[in-house]
Amino acid sequence: MAQKRRDFIKISSLSAAGLIFGAQQLRSAIPPYSQTELGDFGPLSSQRTPTYCEVCFWKCAGWVYKNQEGAIQKVVGNDNDSNCNGRLCPRGTGGVGMYYDEDRLKNPLIRVKGKDGKQTFREASWDEALDVVAKGLQKVKEEHGAECTALLTHGSGGHYFGTLLKAFGSTNIAAPSYAQCRGPREVGFIATFGEGLNSPEPTDIRDTRCLVLIGSHLGENMHNGQVQEMSDAIDKGASIITVDPRFSTVASKSKFWLPIKPATDIALLLTWIHEIIENEWYDKDYVERYTYGLDLLKAHVKNYTPEWAYGITTIKPEVIRETAREMANAAPSVIIHPGRHVTWYGDDTQRLRAVAILNALLGSWGRRGGFYVPEKASVPSYPHPEFPKPQRTWRDAMGGKYKLADLALASGVCDATIPSPDLNCSIKAWIVNGTNLIMTLPDQRKTIEAIQNLDFMVVVDTMPMEITGYADVVLPECTYLERWDDLRVVQGREPNIALRMPAAEPKYNTKPAYWMAKKLADKMGLGDYFAWNSMEEMLDWQLKEVGSSLEEMKRIGVKNLPREYGALYFRDGEEIEFNTNTGKIELYSTALAAEGFDPMPKYTPHMEPPAGYYHLNYGRAPQHTFSRTSNNPNLTDLMDENTLWVNPKVAKEWGLKNGQPVYLENQDGVVSDFPIKVRVTERTRFDSVYMVHGFGHANKKLSRAFGKGASDSQLITRVLVDPIMGGTGMRGNFVTFRFEKESEVKS
Ligand SMILES: Nc1nc2c(c(=O)[nH]1)N[C@H]1C(S)=C(S)[C@@H](COP(=O)(O)OP(=O)(O)OC[C@H]3O[C@@H](n4cnc5c(=O)[nH]c(N)nc54)[C@H](O)[C@@H]3O)O[C@H]1N2
Ligand SMILES: Nc1nc2c(c(=O)[nH]1)N[C@H]1C(S)=C(S)[C@@H](COP(=O)(O)OP(=O)(O)OC[C@H]3O[C@@H](n4cnc5c(=O)[nH]c(N)nc54)[C@H](O)[C@@H]3O)O[C@H]1N2
Ligand code: SF4
Ligand SMILES: [Mo]
């Protein structure tokens, strides 16, 4: 197999001309995020345009305000939106910085070989760049079949490229929000209740009496509606139980903080199940009516006493008993929160099964203060011809593994791109839209190996992120503030829709994803799949199908529709058929048993750090979203690098001082590109260090983010794959401190 070398191309040398209007000048035009009064900006135009936020995937709906000269000034939350209730989080408010970021991608770029043989990017017209993309994809189709192409996507534009790829003949469409994020909880909950959670999670936090957070760090994890509901619930006297080796923000608001030894949560969960069954604290009527397998479960957890769990988790037996009691007292208005980024140690589906079982025993599923029954509007797609049926799908590339995965795996697509004798065709072309795979997928070496094996890769992004440096063609998308987009159609207590429309013309030579996909479709003879003439026409058609119109949505931004499929909660004694093999909530999973997996979760010990090494723990900061905001001028003003949380005991042992920069080396000898400053704090256990994900960018073109802090992604080289659904457990990595680095920093 001939290897096609892709040199990482620094976009830095290119658009220097664009920098003439220096950073400072632009920055001074940007409002600081903390100004909440409209008056702070001077006179604003009375016109406002609706949008929904693209800074994270909570997708809060908001209004964009401009000044009287027509410059975008600020985004505020839409009062009628249940995702945000009129208030955006700091990141959403700072989203304006994405628009003003002078480091943005500005022109289409094509990889070319210079006279000296060195690869470089050349600016191109849209027509030329899209021609190269259409030809690149067609060539792969002719040589290998359309099934050897894939779309990796995260964010709103993915829908258009998804349509394009399906029309082209491939269904290999994957987002990192599954196998790197919430996949295991979807599979664990489907195995138990016959349905997954999706987004926003139907957690009825506003009415809960007890919220149990297992590593779910709400508050740092800034998912807006949830954080608001949690703080309301605390005001109303709800108790919070936080299980986290780190004293998280929410741990400080909790009635109980259980600083668990990392990787032992299943032991705690099994013991809580044991306590609830042995003490008969479960909801007898609910369990009898709705569940399958109580006796089997009771026998299974018989020996999982608090004393047993103490030895494993370091949580004292009386605390385990007391917290079990606390949950039972609140039931059914109790939520054992499923979390969101749950790909930790490879047995994640089973951990989430234990979470689901605990909720089932306490009768919280379908109950007020537990989990409500969500509804989502059904908005039809604009009419198009049927998609061709591909002969192979991403599943065929998995070698019969991960049958219970209900969505494609981004990591699976990456694996299937590396040729192997088991594959009759490895994937040969990627469309990458709105995902910085280099920072996003664990084991960067493997991601890069996969990319080197591609015949063709096009990257659609707004910023010169690491992934763009590996592309054959880079297509610069305009930001969410400059474009029409698909309607936001998400589940909630009520079905609802939200509109995004441009507040300004796209800056530079950037275009929206829908425009690129439609143009490509035309070039590839697939124009019938994009039969609308304009987004206005398409959206108006869709909106009229659900009893609204573009004119109405421009005025209101968000529309709540009536529920169609019944009540928000189960009614007393209601007969319910769950979508499982037995029609019941399965405490014993027949689906897992049928695939040869443990039908009830088991505790398996995980590796411990060798002497001198520490668990590499990572999480979120309220001011940032992954790697996508680390160059945002507004948000770097709030936080411009990550720090390494180190327990004082460890700091003393290594002689580390607050603020001291250190490099990190992991168990596989990988050393961080950049040093990270130490923050000595009791808030992390002595066996772990902690950092916020998304920093340590190696692309110099990111003028504010380059070299700031360290990248957890780089140090995550051991991946603990979940055998049930292919989730990539990322918490099995250990690091030690290095005080200098031999090699020069590469970029
Ligand atoms: N090491 C490590 N890896 C992780 C995680 C972690 O905590 N640590 N978290 C995991 C989780 S939970 C998730 S959900 C994934 C998230 O993974 P990603 O979504 O890949 O995360 P980002 O790094 O923010 O990459 C988003 C990319 O989209 C671009 N972008 C932003 N706005 C737009 C737009 O409007 N249009 C286009 N076309 N592009 C845009 C950004 O510039 C950026 O390159 O990462 C997973 N991977
Ligand atoms: N501000 C902000 N908010 C975000 C995002 C963002 O980028 N920025 N991203 C969003 C996305 S896509 C996701 S998926 C979510 C992710 O957010 P969550 O699902 O809430 O969090 P996780 O990343 O799973 O967990 C992080 C927490 O787990 C703890 N932890 C580490 N190891 C263990 C362990 O062994 N046991 C236990 N019990 N806890 C442990 C860490 O100390 C940390 O507090 O956040 C969302 N919200
Ligand atoms: S939670 Fe914050 S960043 Fe996410 S969509 Fe809402 S306002 Fe935007
Ligand atoms: Mo995520």
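**How do you know? Strands, a helix and ligand 1**

Me: What makes both faces of β6 count as covered?

Reply: On one side of β6 sit Thr 149, Leu 151 and Thr 153, on the other Ala 150 and Leu 152, and all are buried. Buried means under 20% relative accessible area. Bear in mind that this is a predicted model.

Me: Why is strand β6 described as largely enclosed by the rest of the structure?

Reply: Five of the five residues in β6 (residues 149-153) are buried, so the strand is largely enclosed. As background, side chains in a regular strand alternate between the two faces of the sheet.

Me: How do you know which strands pair with β6?

Reply: Pairing needs at least two bridges found by DSSP. With β13 there are five bridges, in the parallel sense, and Thr 149 has Ala 429 of β13 as its bridge partner. Strand β7 (residues 173-174) is joined to β6 by two bridges and runs parallel to it. Within β7, Ala 174 is the partner of Leu 152. Five bridges and two bridges each satisfy the requirement of at least two.

Me: What makes β8 an enclosed strand?

Reply: Strand β8 (residues 210-214) has five of its five residues buried, so the rest of the structure largely encloses it. Cys 210, Val 212 and Ile 214 are buried on one side, Leu 211 and Leu 213 on the other. Its pairing with strand β9 (residues 239-243) is parallel and has five bridges, and Ile 214 stands opposite Val 243.

Me: Why is Val 546 called buried?

Reply: Its relative accessible area is 17%, and the cut-off for buried is under 20%, so Val 546 qualifies. The residue belongs to the loop between α18 (535-545) and α19 (550-556).

Me: How do you know what Val 546 touches?

Reply: Contact means heavy atoms within 4.5 Å. Leaving aside residues up to four places away in sequence, Val 546 touches Ser 378, Val 379, Pro 380, Ile 497 and Leu 561. Ser 378 is 168 residues away along the chain, yet the two C-alpha atoms are separated by 7.9 Å.

Me: Which residues of helix α16 are buried, and what do they pack against?

Reply: In α16 (residues 444-452), the buried ones are Gln 444, Thr 447, Ala 450, Ile 451 and Gln 452. These pack against α14 (410-415), β13 (429-433), α15, β14 and α23.

Me: What makes the approaches of Arg 483, Ser 627 and Ser 713 to ligand 1 polar contacts?

Reply: The limit is a pair of N or O atoms within 3.5 Å. For Arg 483, a side-chain N or O atom is 2.9 Å from an oxygen atom of the ligand. A polar side-chain atom of Ser 627 is 2.4 Å from a ligand oxygen, and a side-chain N or O atom of Ser 713 is 3.3 Å from a ligand nitrogen. These distances are within the limit, so they count as polar contacts. Taken alone, ligand 1 exposes 930 Å², and the protein buries 98% of that.

Me: Which residues and elements surround ligand 1?

Reply: The surroundings hold 30 residues, with His 154, Thr 435, Thr 440, Asp 461 and Ser 627 coming nearest. Two or more residues each come from α6 (176-193), α15 (437-440), β14 (456-461) and α23 (712-715). Helix α6 gives the largest share, three residues. By class, the shell has 11 nonpolar, 12 polar and seven charged residues.

Note on methods: Residues numbered from 1 in each chain as written. Chains lettered and ligands numbered in written order. Predicted model: local features only at pLDDT ≥ 70, side-chain atom pairs only at ≥ 80, totals over all residues. Heavy atoms only, no water. Near = heavy atom within 4 Å. Polar contact = N/O pair within 3.5 Å; in protein donor to acceptor, adjacent residues only side chain to side chain. Areas by Shrake-Rupley, 256 points an atom, 1.4 Å probe, with all protein chains shown as cover. Helix = DSSP H or I, 4+ residues; strand = E, 2+ residues; numbered from the N terminus. Nonpolar A, V, L, I, M, F, W, Y, C, P; charged D, E, K, R; others polar. Buried < 20%, exposed > 50% of the residue type's maximum accessible area, 1.4 Å probe, protein only.
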